[in-house]
Amino acid sequence: MERFSQKYIITKEMEWEKLGGGVSRKFLGYDNQIMMVQVKFEKGALGAPHQHFHTQATYCVSGKFEFEIDGLKQIVSAGDGVYIQPNLLHSAVCLEEGILIDTFSPVREDFLSGGAVSYFGDKE
């Protein structure tokens with residue numbers, strides 16, 4: 001099934017999709033091979049431990065986060081990047097309100113289905 005986003009995604013014209021637990025997102029572009037998502041965290045928000053078969057690369061735009069990947073913790077702040085291999089258990093705690101850019105390959109079909117994301121809390 002061919003699925004892709006618009007060519008230009010103007011974020012100021014988009015509403016944040018509230019995921020619950022102080023986390024919101026905007027889709028920045030995707031097709032069958034890749035997906036980029038802007039994720040906003042309130043201080044204290046948690047991306048609970050989870051894993052998926054997707055490769056993930058994350059860029060920290062603002063704020064401060066404590067990531068844990070496969071048992072190794074690291075503080076990440078604006079300008080830092082994170083790489084998560086497929087199937088590794090990982091989590092993040094927002095220490096200072098901020099925004100992450102998550103990129104996944106292949107596309108996160110579970111995100112596009114519109115359902116709740118279990119590791120962020122109850123969808124608002």
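These legends accompany a set of close-up views of the predicted model shown above. Residues are numbered from 1 along each chain as its sequence is written, and side-chain values use heavy atoms, with hydrogens and water left out. Because this is a predicted model, local features need pLDDT of at least 70 and side-chain atom pairs count only at pLDDT 80 or more, while totals for chains, interfaces and linings use all residues.

**View A. Ring pairs link F41, F65 and F67 into a cluster.** Rings of Phe, Tyr and Trp (its six-membered ring) pair if their centres lie within 6.5 Å; planes under 30 degrees apart count as stacked, over 60 as edge-to-face and the rest as tilted. The count by this rule is 4 aromatic pairs. F41 and F65 make an edge-to-face pair because their ring centres are 5.2 Å apart and their planes meet at 80 degrees. This pair joins distant parts of the chain, with F41 in strand 3 (residues 35–41) and F65 in strand 5 (residues 55–69), 24 residues apart; strands (E, at least two residues) and helices (H or I, at least four) are DSSP runs, numbered from the N terminus. F65 also pairs with F67 in a tilted arrangement, at 6.4 Å centre to centre and 50 degrees between the planes. F65 has 0% relative accessibility, so it counts as buried, and F67 is buried too, at 5% (buried is under 20% relative accessible area, exposed over 50%, partly exposed in between; 1.4 Å probe, protein chains only).

**View B. The largest nonpolar core has 24 residues.** Such a core is a set of buried Ala, Val, Leu, Ile, Met, Phe, Trp, Tyr and Cys residues joined through side-chain atoms within 4.5 Å. Those with the most contacts inside it are V23, M35, V37, F41, F65, F67 and F111. Two or more residues come from each of strand 2 (23–30), strand 3, strand 5, strand 7 (81–84) and strand 8 (90–105).

**View C. Two arginines lie over phenylalanine rings.** Here a charge sits over a ring if NZ of Lys or CZ of Arg is within 6 Å of the ring centre and within 35 degrees of the ring normal. R25 lies over the face of F111, 4.6 Å from the ring centre, and R108 lies over F104 at 5.1 Å. R108 belongs to the loop between strand 8 and helix 1 (109–112), and its 2% relative accessibility means that it counts as buried. That same loop holds P106, which is joined to S105 by a cis peptide bond with omega of about -5 degrees.

**View D. C60 and C94 do not form a bond.** The structure holds 0 disulfides, a disulfide being a pair of cysteine sulfur atoms within 2.5 Å. The closest cysteine sulfur to that of C60 is in C94, 8.6 Å away and therefore too far for a bond. C60 is buried, with a relative accessible area of 1%, and C94 is buried at 2%.

**View E. Two loop residues other than glycine have a positive phi.** D70, in the loop between strand 5 and strand 6 (72–77), has phi near 50 degrees and counts as exposed at 56% relative accessibility. N87 sits in the loop between strand 7 and strand 8; its phi is about 70 degrees, and at 48% it counts as partly exposed.
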